[in-house]
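Me: I would like a close look at one part of this protein, set against the chain as a whole. Please keep it plain.

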Amino acid sequence: MAELLIEGSRRLEGEIKVQGAKNSVLPILASSIICKDECIIHNCPHISDVKATIKILDYLGCKTRFEGNTLIVNSKEISKNNIPDFLMREMRSSIIFLGSLISVMGSAKLCFPGGCELGPRPIDLHLDGLRQMGLLVNEGHGILECEAATSLRGCNITLSFPSVGATENLLLAAVLAKGNTVITNAAKEPEIIDLADFLSKCGARIKCYGDSTIIVEGVDRLHGAEHTIIPDRIAAITYMSAGAVNAGKLFLKNISKDHISSAVPIFEEAGCIVKFLSEDSLKIEAPSRLYANRLIRTMPYPGFPTDAQAPIMAMNTVSDGTSMFIENIFSNRYKHVDELLRLGADIKVEGKVAIVDGVRRLSGAKVKAMDLRGAAALVVAGLSAEGKTTVTGVNYLDRGYENIETVLCNVGANIKRI
Ligand code: UD1
């Protein structure tokens, strides 16, 4: 198993090109099967979740090939409607194939995704909405068997929570359904808009409104398209935190100003100077000592993203003052806390609240990542700690970050993969 060996306390300075968004590319690749055609996807990051998605596409009968960061998916010969357990287990978000398979094959047989490292992740909202569209769902023995007896029919669906995955699955099922589907209280994360943009290029008729309503007018078929994945806002925030902990000065390109704007006040409150140089680049300059963020409350977009909670917490461990985190999205998203304590952080957790008292400095230790963004937090903390930090569980990091150690070493970090 790979480990990262980080020699901390080094100031980062230089330019980082941010990768394409993991949470955008995964549903877009899953949706490409609906086209039964060739799709060309640019800015596709080389991360293990993409590899897991490609394995599923290959299993279903697609032909895939990477050319640099462009992935070409040809789904003309798609022949299967099921995803076996070993492929479903590699990545919890493979549930996003449900809507696509139903659209293109009329049925789907998937293993139930179950819980994950962030706590229970039910799919009741996905299934409730799909049932309203006429899908017959049979659940038992850990298997989901779904069939649309006739074509799915558009209807009005109100989500009780703006679930990202449920919105995506309903969108995918609606593009070829008969009539109009109206999704109210839909998620409006940039990755949802990117999926809708891609599907629209493929011939779907989708309107996303700012009030969280999505209207999909079903069409008879989709065709292939060429699309560039949006920049990864969480990777960008992770690199900004990495720069901030040692008075760094970073220039980030391939970001989206719109998507990252809500995170900028966090860095400004911490004492950093953030300046957008264009719509897709920014400069961040951190002070010699950070101030604590008083309150970070994770919320659906445009609120503060739960995926950025862990790296921002790592940044706050070495700030002046006390910060409070309230994790509103996932019940088990503080697994990095015990590991940050090993590095000398001062954090107390009570339910969904974590109180971080900034310390003067962290000291390097051996720590174990237990989820993707927790792993990123340990890297940020390791970069700030005095001495050597060894991070195990690097497979989690590889799920979402493309060559993270190379990216960081290029701006002055000392990280070795062992
Ligand atoms: C997606 C992202 C993940 C991000 C999360 C929230 C991908 C691949 N993953 O995950 O990185 O952290 O959005 O922004 O895009 N819920 C239910 N019932 C459901 C569905 C969800 O109760 O049917 C609950 C979940 O348990 C969780 C909350 O809703 O507490 C948010 O989940 P959701 O928005 O669906 O997240 P994912 O799509 O799984």
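What radius of gyration does the protein chain have, and why does it agree or disagree with that of a compact globule? Then take Arg221: where is its place, and is it buried or exposed?

Reply: This is a predicted model. The protein chain has a radius of gyration of 21 Å, which agrees with a compact globule because one with 418 residues would have a value near 22 Å. The C-alpha trace spans about 65 × 45 × 40 Å along its principal axes. Within that span the secondary structure comes to 15 helices and 26 strands.

Contacts along the chain come next. Taking those between residues at least 6 apart in sequence, 72% join residues at least 24 apart. Of the 418 residues, 57% count as buried. The accessible surface of the protein chain is about 16,300 Å², and carbon and sulfur atoms account for 48% of it. As for charge, there are 46 positive and 47 negative charges, and their mean positions lie 2 Å apart.

Now the single part. Arg221 sits in the loop between β13 (213-217) and β14 (226-228). The relative accessible area of Arg221 is 63%, and because exposed means over 50%, Arg221 counts as exposed. Leu340 gives a second point of reference: 119 residues separate Arg221 and Leu340 along the chain, and their C-alpha atoms are 50 Å apart. That separation can be read beside the spans of the C-alpha trace, about 65 × 45 × 40 Å.

Note on methods
Residues numbered from 1 in each chain as written. Predicted model: local features only at pLDDT ≥ 70, side-chain atom pairs only at ≥ 80, totals over all residues. Heavy atoms only, no water. Helix = DSSP H or I, 4+ residues; strand = E, 2+ residues; numbered from the N terminus. Rg over C-alpha atoms; globule rule 2.2 N^0.38 Å. Buried < 20%, exposed > 50% of the residue type's maximum accessible area, 1.4 Å probe, protein only. Contact = heavy atoms within 4.5 Å. Areas by Shrake-Rupley, 256 points an atom, 1.4 Å probe, with all protein chains shown as cover. Lys, Arg positive; Asp, Glu negative; His and termini not counted. Charge placed at Lys NZ, Arg CZ, Asp CG, Glu CD.
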